Amino acid sequence: MSNKLLDLIKNNYPSIIKNGNINLEELKKVLQLPIEGDETYGLNFIGKKYAINKYKEETNKTLKLNTSLSKNVDNTQNLVLVGDNLECMKILRKEYSGKIKCIYIDPPYNTGNNFVYSDNFSKDEKAILKLNNLKPENKSKKSHNGWLTFMYPRLLLARDLLS
């Protein structure tokens with residue numbers, strides 16, 4: 001007999017299931033509940049709730065395989081995918097949760113240099129501050145809220161996928 005709640009957790013929050021059991025500490029983290037006796041450091045930033053929502057959001061994208069960079073496409077365990085890494089990992093999560101040995105994400109570095117992708121998060125930073133009713137002029141010049149909001153859902157997805 002199928003358990004709908006357990007199926008929902010397995011499909012959408014695979015990090016909660018370890019060795020077939022529910023990891024209560026991980027469940028508390030996903031639900032953002034306090035963990036008893038938790039005196040460890042944490043990663044807190046303005047936009048964290050928004051980033052968690054991006055992690056939870058479903059995607060309607062499909063994967064595109066880069067056949068010129070992939071070798072032995074029919075029988076390999078090493079494939080190169082084309083697309084936003086957030087979307088790619090969301091697609092992979094359903095089938096490959098806990099099964100991937102290595103993930104390489106080339107993060108934007110906030111250098112202001114001209115890259116293939118944008119590495120300027122000042123616009124995202126202003127939007128996140130506005131969502132939290134904060135004024136941009138009150139933030140530190142060394143703030144990385146926009147960058148962290150971009151990276152955090154990707155890191156959560158990578159954790160779900162890694163064996």
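1. Overall make-up. The secondary structure of the chain amounts to 6 helices and 4 strands. Read from the N terminus, the order of elements is α-β-β-α-α-β-β-α-α-α. Keep in mind that this is a predicted model.

2. Confidence. The chain has a mean pLDDT of 77, with 72% of its residues at 70 or more. Helix 3 (residues 48-56) has the highest confidence, at a mean of 89. Helix 5 (residues 122-131) has the lowest, at a mean of 65. Where pLDDT is low, predicted coordinates should not be read in detail. The points below therefore leave helix 5 aside, given its mean of 65.

3. Burial and surface. The chain has 163 residues, and 28% of them count as buried. Its exposed area is about 12300 Å², of which carbon and sulfur atoms supply 52%. Among contacts between residues at least 6 apart in sequence, 60% join residues at least 24 apart.

4. The buried side of helix 3. Which residues of helix 3 are buried? They are K48, A51, I52 and Y55. These residues span an arc of only 100° around the axis, so they sit on the same side of helix 3. The spacing fits a general rule. An α-helix has 3.6 residues a turn, so residues three or four places apart point the same way. The cover over the buried residues of helix 3 includes helix 1 (4-12), helix 4 (85-96) and helix 6 (145-161).

5. The aromatic pair. How many aromatic pairs does the count come to? The count is 1. The partners are F45 and Y152, in an edge-to-face arrangement. Their ring centres are 5.6 Å apart, and the planes meet at 75°. F45 belongs to the loop between helix 2 (24-30) and helix 3, while Y152 belongs to helix 6, so the pair ties together parts 107 residues apart in sequence. Both partners fall under the 20% cut-off for burial: F45 is buried at 10% relative accessibility, and Y152 is buried at 17%.

6. R93 over Y55. R93 is part of helix 4. Is R93 buried or exposed? With a relative accessible area of 5%, R93 is buried. R93 lies over the face of Y55, 5.2 Å from the ring centre. Y55 is itself one of the buried residues of helix 3. Leaving out residues up to four places away in sequence, R93 touches N11, N12, P14, Y55, L157, D160 and L161.

7. L157 in helix 6. L157 is located in helix 6. Its relative accessibility is 0%, so L157 counts as buried. What does L157 touch, not counting residues up to four places away in sequence? The list is Y55, L86, M89, K90 and R93. Thus Y55 appears among the contacts of L157 and also among those of R93. L157 and S97 are 60 residues apart along the chain, yet their C-alpha atoms are separated by 9.1 Å.

8. A second charge over a ring. The charged end of R154 sits over the ring of F150. The distance to the ring centre is 3.7 Å.

9. What to look at in the viewer. Begin with Y55, a buried residue of helix 3. Next, find R93 over the face of Y55. Then turn to L157, which touches both Y55 and R93. Finish at the edge-to-face pair of F45 and Y152.

Key
Residues numbered from 1 in each chain as written. Predicted model: local features only at pLDDT ≥ 70, side-chain atom pairs only at ≥ 80, totals over all residues. Heavy atoms only, no water. pLDDT = per-residue confidence, 0-100. Helix = DSSP H or I, 4+ residues; strand = E, 2+ residues; numbered from the N terminus. Buried < 20%, exposed > 50% of the residue type's maximum accessible area, 1.4 Å probe, protein only. Contact = heavy atoms within 4.5 Å. Areas by Shrake-Rupley, 256 points an atom, 1.4 Å probe, with all protein chains shown as cover. Arc of directions from axis to C-beta. Phe/Tyr/Trp six-rings, centres within 6.5 Å; stacked < 30°, edge-to-face > 60°. Lys NZ or Arg CZ within 6 Å of the ring centre and 35° of its normal.
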